[in-house]
Amino acid sequence: MVGTHNKQQAALDWLLRYGVTEKAAPQQVAFIGDSRNDNDMFAYFPLSVGVANIAPHLAALDTPPTWITEAPGGLGFAEFASCWLSLVR
(Lines give C-alpha, C1' and ligand atoms only; values in the text may rest on other atoms or scores of the structure.)
Protein backbone atom coordinates (compact mmCIF):
# COMPACT_ATOMS: atom_id res chain seq x y z
CA MET A 1 0.00 0.00 0.00
CA VAL A 2 1.28 3.46 -0.91
CA GLY A 3 -0.58 6.23 0.87
CA THR A 4 -4.24 5.31 0.51
CA HIS A 5 -3.63 3.39 -2.73
CA ASN A 6 -3.67 -0.39 -2.49
CA LYS A 7 -2.36 -1.89 -5.74
CA GLN A 8 -3.57 -5.40 -4.89
CA GLN A 9 -7.14 -4.31 -4.19
CA ALA A 10 -7.20 -2.13 -7.31
CA ALA A 11 -6.02 -5.09 -9.40
CA LEU A 12 -8.63 -7.39 -7.88
CA ASP A 13 -11.38 -4.82 -8.50
CA TRP A 14 -10.27 -4.54 -12.15
CA LEU A 15 -10.11 -8.33 -12.59
CA LEU A 16 -13.62 -8.73 -11.16
CA ARG A 17 -14.93 -6.53 -13.98
CA TYR A 18 -13.70 -9.22 -16.36
CA GLY A 19 -15.12 -12.14 -14.42
CA VAL A 20 -12.01 -13.18 -12.48
CA THR A 21 -12.96 -13.60 -8.82
CA GLU A 22 -10.65 -12.89 -5.92
CA LYS A 23 -10.58 -16.62 -5.18
CA ALA A 24 -9.66 -17.54 -8.77
CA ALA A 25 -7.18 -14.72 -9.39
CA PRO A 26 -4.09 -16.38 -7.86
CA GLN A 27 -4.57 -19.40 -10.16
CA GLN A 28 -5.52 -17.48 -13.30
CA VAL A 29 -3.36 -14.36 -13.32
CA ALA A 30 0.31 -13.66 -13.83
CA PHE A 31 1.67 -10.45 -12.34
CA ILE A 32 4.75 -8.67 -13.66
CA GLY A 33 6.42 -5.82 -11.84
CA ASP A 34 9.65 -3.94 -11.32
CA SER A 35 9.71 -2.15 -7.98
CA ARG A 36 9.37 -2.39 -4.20
CA ASN A 37 5.73 -1.33 -4.29
CA ASP A 38 5.00 -4.61 -6.10
CA ASN A 39 5.88 -6.67 -3.00
CA ASP A 40 2.24 -7.44 -2.09
CA MET A 41 1.49 -8.40 -5.67
CA PHE A 42 4.46 -10.77 -5.79
CA ALA A 43 3.16 -12.36 -2.57
CA TYR A 44 -0.45 -12.67 -3.77
CA PHE A 45 0.13 -14.06 -7.26
CA PRO A 46 2.10 -17.34 -7.34
CA LEU A 47 3.02 -16.67 -10.96
CA SER A 48 4.84 -13.44 -10.29
CA VAL A 49 7.51 -12.04 -12.55
CA GLY A 50 10.03 -9.30 -11.97
CA VAL A 51 11.71 -7.68 -14.92
CA ALA A 52 15.50 -7.51 -14.58
CA ASN A 53 15.53 -4.01 -13.12
CA ILE A 54 13.91 -5.41 -9.95
CA ALA A 55 17.36 -6.75 -8.95
CA PRO A 56 18.46 -3.72 -6.86
CA HIS A 57 15.21 -3.94 -4.87
CA LEU A 58 15.23 -7.67 -4.06
CA ALA A 59 16.76 -7.26 -0.59
CA ALA A 60 13.94 -4.86 0.36
CA LEU A 61 11.17 -7.26 -0.68
CA ASP A 62 9.47 -9.59 1.79
CA THR A 63 8.39 -11.75 -1.15
CA PRO A 64 10.51 -11.76 -4.29
CA PRO A 65 8.95 -12.57 -7.66
CA THR A 66 8.87 -16.24 -8.63
CA TRP A 67 10.75 -15.56 -11.85
CA ILE A 68 13.04 -12.72 -12.95
CA THR A 69 13.55 -11.93 -16.61
CA GLU A 70 16.99 -11.37 -18.08
CA ALA A 71 15.90 -8.16 -19.83
CA PRO A 72 14.79 -4.95 -18.10
CA GLY A 73 11.61 -2.92 -18.49
CA GLY A 74 9.48 -3.45 -21.58
CA LEU A 75 12.01 -5.88 -23.01
CA GLY A 76 11.58 -7.99 -19.87
CA PHE A 77 7.83 -7.92 -20.33
CA ALA A 78 8.30 -9.03 -23.96
CA GLU A 79 10.61 -11.83 -22.76
CA PHE A 80 7.95 -13.07 -20.36
CA ALA A 81 5.17 -12.77 -22.95
CA SER A 82 7.21 -14.72 -25.49
CA CYS A 83 7.90 -17.47 -22.96
CA TRP A 84 4.24 -17.60 -21.89
CA LEU A 85 2.99 -17.76 -25.47
CA SER A 86 5.38 -20.59 -26.28
CA LEU A 87 3.81 -22.59 -23.44
CA VAL A 88 0.21 -22.12 -24.48
CA ARG A 89 0.58 -22.79 -28.19
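A residue counts as buried when its relative accessible area is under 20%, and as exposed when that area is over 50%. By this rule, 31% of the 89 residues of the protein are buried, and the model in which you will look for them is a predicted one.

**The whole chain**

Begin with the entire protein selected and shown as a cartoon, so that its four helices and three strands can be picked out. If you follow the chain from the N terminus, the elements come in the order α-α-β-α-β-β-α. Turn the model along its principal axes, and the C-alpha atoms fill a box of roughly 40 × 30 × 20 Å. A compact globule with 89 residues would have a radius of gyration near 12 Å, and the 13 Å of the protein agrees with that. If you switch on the surface, the accessible area that you see comes to about 5800 Å², of which 58% belongs to carbon and sulfur atoms. Among contacts between residues at least 6 apart in sequence, 21% join residues at least 24 apart.

**Helix H1**

Next, select residues 7-17, which form helix H1, and show the side chains of Ala11, Leu12 and Leu15, the buried residues here. Looking down the axis of H1, you will find these buried residues within an arc of 100°, so they line one face of the helix. An α-helix has 3.6 residues a turn, so residues three or four places apart point the same way. Now add Leu16 and Arg17, which are exposed on the other side of H1. To see what lies over the buried residues of H1, bring in helix H2 (25-28) and helix H3 (39-44), which are included in their cover.

Both ends of H1 deserve a stop. At its start, select Asn6 and Gln8, where a side-chain oxygen of Asn6 reaches to within 3.0 Å of the backbone nitrogen of Gln8. Just after H1, select Gly19, which takes a positive phi of about 85°.

**The sheet**

Hide the helices for a moment and keep the three strands, which form an open, parallel sheet in the order S1-S2-S3. Strand S1 (31-33) and strand S3 (67-68) are the edge strands, each of them pairing on one side only. Between strand S2 (residues 48-50) and S3, which run parallel, there are two bridges. To look at this pairing in detail, select Gly50, which stands opposite Ile68 in S3.

**Ser48**

Stay with strand S2 and select Ser48, which lies in it. Is Ser48 buried or exposed? Its relative accessible area is 0%, and Ser48 is therefore buried. Draw a distance from the side chain of Ser48 to the backbone nitrogen of Thr66, and it should read 2.9 Å. Leaving aside residues up to four places away in sequence, Ser48 touches Phe31, Phe42, Pro64, Pro65, Thr66 and Trp67.

**Thr69**

For the last stop, select Thr69 in the loop between S3 and helix H4 (73-88). Although Thr69 is found in a loop, this residue counts as buried because its relative accessibility is 4%. Which backbone nitrogen does the side chain of Thr69 reach? The nitrogen is that of Ala52, at 3.1 Å. With residues up to four places away in sequence not counted, Thr69 touches Val49, Gly50, Val51, Ala52, Gly76, Glu79 and Phe80, and Gly50, one of these, is the residue you have already seen opposite Ile68.

Definitions and conventions. Residues numbered from 1 in each chain as written. Predicted model: local features only at pLDDT ≥ 70, side-chain atom pairs only at ≥ 80, totals over all residues. Heavy atoms only, no water. Buried < 20%, exposed > 50% of the residue type's maximum accessible area, 1.4 Å probe, protein only. Arc of directions from axis to C-beta. Contact = heavy atoms within 4.5 Å. Polar contact = N/O pair within 3.5 Å; in protein donor to acceptor, adjacent residues only side chain to side chain. Pairing = 2+ DSSP bridges. Rg over C-alpha atoms; globule rule 2.2 N^0.38 Å. Areas by Shrake-Rupley, 256 points an atom, 1.4 Å probe, with all protein chains shown as cover.
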